[in-house]
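Open the model in your viewer and keep the selection box at hand. This tour goes from one stop to the next.

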Amino acid sequence: MFDNNELEEKVILFCVDLDNGEDIDVNLDELEELVKTAGAKVVGRLVQKKEHVDNVTYIGSGKTEELCELIHELGATGVVCDDELSPVQLKNLEEILDTKVMDRTMVILDIFAGRATTREGKIQVELAQLKYRSSRLIGMRNSLSRLGGGIGTRGPGEKKLEIDRRIIKDRIAQLQRELEDVKQHRQIMRKQRMAGNLPIVSIVGYTNAGKSTLLNRLTDAGVLEEDKLFATLDPTSRNYKLMNGQEIILTDTVGFIRKLPHHLINAFRSTLEEAKYADIIIHLVDISNPQADNHILTVYETLDGLGVNDKPIITAFNKIDKVEEIPAIKDFRADKIIKIAAKKQIGFEELSHALEEEINKCRQYIEKVIPYAEAGIINRIRKSGTLLEEEYREDGIYVRAYVEKSLNI
């Protein structure tokens, strides 16, 4: 939980049920986890069944009055909507409820602001926050002035939100220029990794699926591990040697989540696109989560939105040590499915073999005698390929190996 010296926020969650109760509790449970991660306490919930949301106040007038009564009854200091509110809805609810009004997007942005540690991460978060808030300043001024801190005040902060739109526009332009410089640096680093001819494997998954834990257990990366949503934001790349001696580069990514704000997707695009430039994707799924099948769909929807739809995928059902029986969940887009427990390092041998198989599918098989004068080729094979057999003969070195197609042997 973030440090917050101010009075703890007590909030009521509310939403419109458009699907006759389908997954509504699950959605609000996840929103409650987000709110807790942001440092507030949930004291109540309100759900309205409707065919469509109200364009003026999101929920109907009757439910708005009921929400107002709940606020006073439960001593709430704010309310959080599970959907993204329009500027009009935000402003009107502010006036009617006379309390701080937030939505799911604001909470996620606030969490990201508290988690960002690198220059790139901070730029990305501030850019996303300013774009989101610039159209909502009228409604948010009163909201932010109600409390000295709390959700929605991290990152750019209240002072920056109180400046006029022109200055915000200039700040956004400046951040975009800075982010472009960072992107170019990331592209240079990415090209250097790709030039090394080492297979690049990207770890993706729903937030809190165990990506950081997997990377740490495989490579001693030292990435923060917490049983919280969005424990880490900044991607980390580390070298890792498979059981057959093949060296690869492992890269983790920002966790995905249902209704990931489009401002964040745009701001974090260069970070999220690490998966786009990978040779293989490890799709990590928390199999102990009852919503694992929905998480799988969310991950693929996000990947499709990023244009990542042509990569070999190894789906790793993680946290098998937390379930008595593996649920009958299918992943029809996976090329291979394995079961692991990253924290206890269970299934790592199977993961290594799966990666070896997928890597070799992208390579060419060679069987030949290499003259001793060209013996340096053997080291190149060991570094970027898989050496299956090596025998020293009178006429040279006999090898059987899988090598990169670009490696002319």
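**Stop one: two strands.** Select strand β9, residues 313-318, together with β10. Four bridges join the two, and they run parallel. Helices (H or I, at least four residues) and strands (E, at least two) are DSSP runs, numbered from the N terminus. Two strands pair if DSSP finds at least two bridges between them. Now pick Ile 314: its bridge partner in β10 is Lys 336.

A word on the source: this is a predicted model, where local features need pLDDT of at least 70, side-chain atom pairs count only at pLDDT 80 or more, and totals for chains, interfaces and linings use all residues. Residues are numbered from 1 along each chain as its sequence is written, and side-chain values use heavy atoms, with hydrogens and water left out.

**Stop two: the whole sheet.** Widen the selection to six strands. They form an open sheet with mixed pairing, in the order β6-β7-β5-β8-β9-β10. Which strands are at the edges? They are β6 (237-241) and β10 (336-339), each pairing on one side only. From one strand to the next, the twist averages 25°.

**Stop three: a helix on the sheet.** Add helix α13, residues 348-361. This helix packs on the sheet and touches β5 (200-205), β7 (247-252), β8 (280-286), β9 and β10. The direction of α13 makes about 165° with that of β10. Axes are lines fitted to C-alpha atoms, for helices over the stretch in contact, and angles run from 0 to 180 degrees between N-to-C directions. Contact means heavy atoms within 4.5 Å.

**Stop four: Asn 92.** Go to helix α3, residues 87-97, and select Asn 92. Is Asn 92 buried or exposed? Asn 92 counts as buried, because its relative accessibility is 17%. Buried means under 20% relative accessible area, exposed over 50%, partly exposed in between (1.4 Å probe, protein chains only). Leaving aside neighbours within four places in sequence, Asn 92 is in contact with Val 56 and Thr 57.

**Stop five: Cys 15.** Show the sulfurs of Cys 15 and Cys 81. Cys 81 holds the closest cysteine sulfur to that of Cys 15, but at 7.3 Å it is too far for a bond. A disulfide is a pair of cysteine sulfur atoms within 2.5 Å. The structure holds zero disulfides. Cys 15 is buried, at 1% relative accessibility.

**Last stop: the full chain.** Zoom out. The chain's secondary structure comes to 14 helices and 13 strands. Of its 409 residues, 54% count as buried.
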